[in-house]
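Q: Hi! Could you walk me through this one while I have it open?

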Amino acid sequence: MATNSHALYGEADPATLGGYDEPPPRMGFFTDTSVCIGCKACEVACKEWNAIPEDGLVFTGMSYDNSEGLGADTWRHVAFIEQRKPLAMQDPGVQHEDVDVLALASQGSGTPPEQARITPTTPGEPGQMRWLMASDVCKHCTHAACLDVCPTGSLFRTEFGTVVVQEDICNGCGYCIPACPYGVIDQRQEDGRAWKCTLCYDRLSGGMEPACAKACPTDSIQFGPLDELRERARGRVDQLVEAGETGARLYGEDPHDGVGGDGAFFLLMDEPEVYGFPPDPVVTTRDLPAMWRCVGAAALTLAATAAASFAGAMFGRRP
Amino acid sequence: MAECHPVGFQWVMEAKARGATLIHVDPRFTRTSALADIHVPLRVGSDIAFIGGIINHVLQNEKYFREYLVTYTNAPTVLTEDYADTEDLDGVFSGLDPESRIYDFHTWQYEGTEVQAASGKRDKEYSDRVQGSSGVRQAGRGEAHGSGGAEVTAQITNDETLEHPRCVFQVLKRHYARYTPEVIEEICGVPQETFLRVCELLTSNSGRDRTSAFVYSVGWTQHTVGVQYIRSAAILQSLLGNIGRPGGGVLALRGHASIQGSTDIPTLFNLLPGYIPMPHAHSNEDLDAFITAEATRKGYWAEMRAYMVSLLKAWWGSAATPETDFCFDYLPRLTGSHSTYETVQSQLDGECKGYFLMGENPAVGSANAKMQRLGMANLDWLVVRDFSLTESATWWKDGPEIATGELHTEDIGTEVFFLPAAAHTEKDGSFTNTQRLLQWHHQAVEPAGDARSDLWFTYHLGRRIRHKLAGSIDERDFPILDLTWDYPTKGEIDEPEAESVLAEINGWGADGNPLTNYEQLNADGSTVCGCWIYCGVYTDGVNQAARRKPQVQQNWVATEWGWAWPANRRILYNRASADPEGNPWSERKALIWWDAEKAQWSGHDIPDYDKSKSPHYRPPDGAQGAEALSGLDPFIMQADGKAWLFVPAGLTDGPLPTHYEPQDSPVSNLLYTQQRNPVRQIQPHPNNRYQPSGEDPGTEVYPYVLTSYRLTEHHTAGGMSRWLPYLSELQPELFCEVSPELAAERNLEHLGWATVVTARGAIEARLLVTERMTPMTIQGRRTHHVGIPYHWGPNGYSTGDSFNDLSSISLDPNSHIQEVKALSCDIRPGRRPVGADRARLVHEYQQRAGITERTGTEV
Amino acid sequence: MGVRDWLGWPLFRQLGAGDPYGRGAAAKSSTSEHLTPRTQTAQKVVKSVCPYCAVGCGQNVYVSDDKVTQVEGDPDSPVSRGRLCPKGAASLQLTTGSARMHQVLHRRPNSTEWETLDLDTAMDMIADRVIATRRQGWQWEQNGVRTRRTMGIASLGGATLDNEENYLIKKLFTALGAVQIENQARV
């Protein structure tokens with residue numbers, strides 16, 4: 001598989017491309033959001049292991065999500081989505097027949113429809129209710145634009161196929177930040193350097209699983225060889241769909257998607273946008289080979305492509 | 001469960017993956033509801049009605065497990081003619097004295113006999129069983145039935161056809177007849193369709209092949225009728241045959257690492273180790289009188305003397321001899337309830353002058369936190385042992401009353417000592433988890449600075465006191481001077497060896513060797529045992545609680561991990577997992593069974609039963625204790641060996657659960673004229689005013705139902721979470737949850753501030769408007785809940801007002817636990833006033849509601 | 001995947017050759033090359049139990065240079081299978097964080113501030129106060145019935161106390177004649 005693959009897009013084995021002879025199987029995360037209980041053990045376990053700074057006491061009002069999103073100091077983030085939509089297998093029991101969502105929104109006690117994935121009141125059938133939870137993380141893309149644009153070699157591909165920032169090398173140039181199609185990697189204000197999930201590279205090197213996966217009480221976060229995870233994930237989707245949960249789908253699992261598939265992929269219960277994921281992420285350096293032939297133009301083009309993609313990732317909903 | 005016991009919830013998710021149905025009954029849509037098949041919101045305070053409705057459904061539609069019911073429960077037992085039900089007396093039982101607010105339980109007894117309770121208020125029978133002066137004793141009415149007591153099986157009248165009009169089954173049927181789906185809808189706000197679906201799911205998943213489990217937490221205990229909540233589930237599960245079987249039970253998910261251990265080896269006023277009751281004060285009481293009054297004739301509580309003498313030997317060693325009555329008189333006596341809430345009153349009255357707080361933060365965590373602080377402000381001295389400076393350590397300089405001007409620091413005479421505590425990683429010791437499993441935690445490092453374990457503190461405090469009192473000839477000092485208090489210590493700080501304390505808890509025989517089982521305990525002083533139910537935890541001198549055989553190397557019961565009391569049995573009363581003949585009810589639900597060839601019980605678990613007692617064993621006439629249990633008596637601690645649907649003794653507030661409204665409720669009791677539990681415990685005080693309820697004028701001043709709860713990200717009163725940045729950032733400040741309907745009604749703005757007011761206090765919180773909070777229709781009226789987590793206080797990294805500044809001291813009369821899960825309140829937009837205006841606002845509400853010292857104190 | 005399978009893998013060769021883009025093996029810094037999880041270099045691993053709720057999850061406590069460096073779930077536990085909730089996962093911060101106090105403090109009656117006190121003196125002062133208050137609140141009988149107790153002293157413990165601690169508390173305070181011995185288990 002790896003020998004025929006392209007280095008920058010399409011199906012590929014990243015570790016082999018990274019120059020590792022006989023690398024171990026590619027390792028990754030499968031986050032099955034259908035069993036996530038939103039406990040945030042992953043967030044805390046990640047911070048404890050990696051000694052990430054606490055980053056502020058902010059009561060957001062976005063359901064029980066007070067971490068807001070991934071960033072330099074949040075490498076696992078649990079999103080909470082309250083919506084007027086049913087889960088096929090659930091009777092939520094709530095009774096909200098008389099709620100005028102628009103009136104509430106104008107009063108300040110409802111969610112404007114355009115922000116409806118959060119809380120507190122969203123358009124939809126009254127009496128329907130679902131509370132989705134999902135733990136987000138760096139996707140460890142097969143084709144990682146952050147890595148492609150890193151001028152110092154701080155970002156590198158590990159033998160496990162993961163993408164890691166090397167703090168002893170990062171000079172804080174920040175090129176990687178807009179390159180990420182998911183808006184994951186971020187600069188820490190205190191030291192200017194870029195930080196993100198390492199998929200616990202140190203633990204992997206020692207034969208241990210990442211801290212978040214180990215802590216996860218319900219095994220919503222599963223760690224293992226990507227091949228095995230993908231197979232297991234497909235089985236889980238089939239099971240859910242059969243049980244009537246027709247919205248169940250995988251996200252980031254497809255090696256043919258715009259980033260060549262993610263090393264960390266997800267089982268979602270609805271469209272990716274519901275969870276704040278870009279629907280069609282594309283590696284922002286897709287055109288890099290062409291650029292290299294014309295290096296002078298590359299920097300400008302790259303920056304523009306990256307910026308556009310980032311904007312798409314942050315605010316992207318299907319047109 | 002997902003909210004407060006996330007790691008335990010993995011097993012629920014596993015069951016769900018195998019096809020189990022998960023029903024979540026909770027007023028709020030929580031993280032547990034998010035993963036449930038059905039979420040059933042119901043009004044807080046209405047669970048007895050809800051479960052009562054299911055019980056009625058089971059009885060009316062004959063959905064009970066008849067063979068189990070007839071053989072293993074007291075359903076066939078005939079009651080006395082004197083018993084009158086709530087059906088006869090409009091919501092109260094026979095025996096109520098409204099003046100003293102006490103029930104005389106005598107009319108609740110079985111016909112022709114009198115049984116003692118296995119737990120609860122056993123002292124109630126004292127005067128029946130022990131009369132006259134020491135040495136001249138006769139049991140009460142029981143004496144008429146045979147030698148030394150009443151609990152002779154032959155005297156119990158059973159009707160196995162279940163048709164006798166006074167048999168428990170028929171009494172139950174009549175008692176619950178009015179708990180119809182229509183009424184349940186009106187009381188609980190649960191649509192009939194949902195209610196019936198729950199009934200159907202539960203009953204179809206119970207029986208020979210299937211079992212259902214009930215899981216509860218303090219959402220059930222923290223009520224003025226909390227014990228009867230649990231009783232409701234016990235009745236239902238007994239009817240369905242779901243007790244003593246795998247996948248069954250009524251499971252308390254307890255919220256603290258060793259809260260189970262804290263009742264087993266109780267730091268509770270009413271208990272001695274192993275649920276032996278603390279003696280109440282009686283004329284000329286000695287050990288014999290105590291045992292006569294408290295022990296049963298049948299079952300393992302008949303051996304109470306052996307447990308008690310072994311305990312007295314553990315405490316007073318060589319001073320405890322038959323000649324000294326084993327130092328029974330060294331025990332202080334009770335004169336009623338001395339719970340932590342009476343202690344507050346006692347502090348305010350100036351009687352209690354010295355107070356130890358060991359890892360507890362009542363200034364935030366106990367009901368009516370203001371009363372707690374005012375009590376502490378009236379002490380001579382206070383010792384606080386904790387990790388950080390909690391609100392209970394600093395109220396004298398920065399508590400809410402300092403801000404309102406109700407207290408002035410310079411006027412507070414309380415001397416305060418703060419002693420830093422050691423963490424679990426800094427000491428050896430055992431926790432008992434929620435399934436009675438003792439697990440040892442080993443010391444990893446030495447505590448830094450002045451931090452010390454509570455073991456160190458208690459041991460060295462005792463050592464110093466004994467040293468200072470040495471040589472005293474004052475009789476009241478004898479119990480201290482005679483105390484066995486010579487534990488070996490280790491290391492530079494002289495930490496007592498925790499394992500030596502465990503060895504004493506386990507006990508030893510005359511030869512000094514560790515005991516292996518409580519059946520070895522003797523009443524003659526030849527055995528020593530600090531807690532009889534823990535006997536065996538140090539078998540062979542090996543710390544069984546420290547056993548850690550990996551889970552993958554043993555069966556699903558995992559009996560080689562830690563040690564569960566009693567005798568390492570994992571499922572209590574598991575004789576009931578087999579049918580009367582001793583065969584598993586079904587292969588699918590096999591746990592233990594009678595192996596006729598080997599003539600013993602065997603199986604996956606350790607039998608909670610005499611291993612060699614055949615199902616065909618019938619006790620000889622006059623048999624006592626364990627011998628009196630027949631081969632059909634799985635409930636070996638009960639005086640009749642049966643599961644009690646009807647409780648003839650041990651409860652203060654009735655033999656059957658009955659729906660009463662909470663102390664403060666905007667709703668009238670639809671079922672009876674009797675609004676509240678007539679014998680609930682209340683503590684009227686100017687700072688503990690109650691609110692009008694139901695149709696009383698003034699109820700509308702506090703129109704909303706108020707409830708409290710925990711969040712995954714925090715722990716209890718916050719001492720172990722609010723100081724931690726990693727937890728604080730996840731839930732950074734106090735908030736309250738309301739529905740959009742209530743938000744509209746009260747002009748509450750999402751993310752804005754709200755002030756919540758009760759007759760006790762006013763607090764402010766940020767608003768989370770969410771459809772997870774649902775309005776309910778109660779008796780035709782739209783009813784709203786306000787939900788507030790109780791973790792916060794003014795100290796620490798994440799701060800906020802305290803929920804318990806709103807709650808009142810109103811208690812369950814059995815457990816003396818506070819009602820903080822169901823109250824009523826008002827909510828208004830904006831922040832609360834500061835300074836004296838805060839107290840003024842509360843007072844203004846009280847006046848508007850016409851609250852006096854009598855409000856809410858009616859029987 | 002189970003951690004066991006993962007541990008069972010062979011060590012992998014990590015060669016730097018054949019990294020045309022210089023983003024893989026060739027880019028690996030020597031720090032990255034020598035990364036070792038601190039759990040692996042720990043001097044000892046101590047078996048423990050989570051101190052928060054009563055599920056009783058197993059914990060492994062990793063110690064280096066007499067300091068706790070990591071607290072993780074114990075995969076051997078049949079209760080928890082190595083998992084922890086956010087509180088349990090915060091055990092390292094709970095036990096080693098800067099919020100821990102390590103100094104005895106004393107507030108004199110009517111004082112506005114804390115003062116420091118050495119532990120030995122504090123213990124002695126507390127012992128004296130217990131003896132005095134016990135006598136002050138002593139009650140041989142009530143309403144003519146023997147009670148043999150003191151109502152002067154009360155105690156309220158948290159439910160993170162060990163069984164052995166509860167046992168000594170109950171034993172000592174009962175012998176002192178105190179009956180108001182309570183615990184979070186009531187609350």
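The chat below goes through the chains and then their contacts.

A: Happy to! One thing to keep in mind is that this is a predicted model.

Q: Good to know. Let's take chain B, then: how many helices and strands does chain B have?

A: Chain B has 24 helices and 28 strands.

Q: And how does its radius of gyration compare with the globule rule?

A: Chain B has a radius of gyration of 27 Å, and the globule rule gives 29 Å for 859 residues; the two are close, so chain B is as compact as a globular protein of that length.

Q: What box would I need for the C-alpha atoms of chain B?

A: Along the principal axes, those C-alpha atoms fill roughly 75 × 70 × 60 Å.

Q: What share of chain B is buried?

A: Of the 859 residues in chain B, 63% are buried. As for its contacts with a separation of 6 or more, 70% are between residues 24 or more positions apart.

Q: Okay, switching to chain A. What are the matching numbers for burial and contacts there?

A: In chain A, 58% of the 319 residues are buried. Among contacts with a separation of 6 or more, 65% join residues 24 or more positions apart. The secondary structure of chain A consists of 10 helices and 10 strands.

Q: How many residues does each chain give to the contact of chain A and chain B?

A: Chain A puts in 43 residues and chain B puts in 45. On the chain B side, the elements giving two or more residues include α1 (9-17), β2 (38-40) and β23 (762-769). The most comes from α23(B), with 4 residues.

Q: What's the chemistry on that chain B side?

A: That side of chain B splits into 25 nonpolar, 10 polar and 10 charged residues.

Q: Now the contact of chain B with chain C. How many residues are in it?

A: There, 130 residues come from chain B and 100 from chain C. Helix α19 (residues 454-469) of chain B supplies the largest share of the chain B side, 11 residues. By type, that side has 63 nonpolar, 49 polar and 18 charged residues.

Q: Which strands pair between chain B and chain C?

A: Strand β11 (residues 415-420) of chain B pairs with strand β4 (residues 105-107) of chain C, antiparallel, over 3 bridges. If you zoom in, B:Phe417 is opposite C:His106 in β4(C).

Q: Last one: what does UniProt annotate at residues 43-99 of chain C?

A: An unreviewed UniProt entry annotates that stretch as "domain: 4Fe-4S Mo/W bis-MGD-type". In the model, residues 43-99 of chain C are 18% helix and 35% strand, with end C-alpha atoms 26 Å apart.

Notes:
Residues numbered from 1 in each chain as written. Chains lettered and ligands numbered in written order. Predicted model: local features only at pLDDT ≥ 70, side-chain atom pairs only at ≥ 80, totals over all residues. Buried ≥ 20, exposed ≤ 12 C-beta atoms within 10 Å, placed from the backbone. Contact = placed C-beta atoms within 7 Å. Nonpolar A, V, L, I, M, F, W, Y, C, P; charged D, E, K, R; others polar. UniProt positions renumbered as here; feature names shortened; annotations may be inferred. Pairing = 2+ DSSP bridges. Rg over C-alpha atoms; globule rule 2.2 N^0.38 Å.
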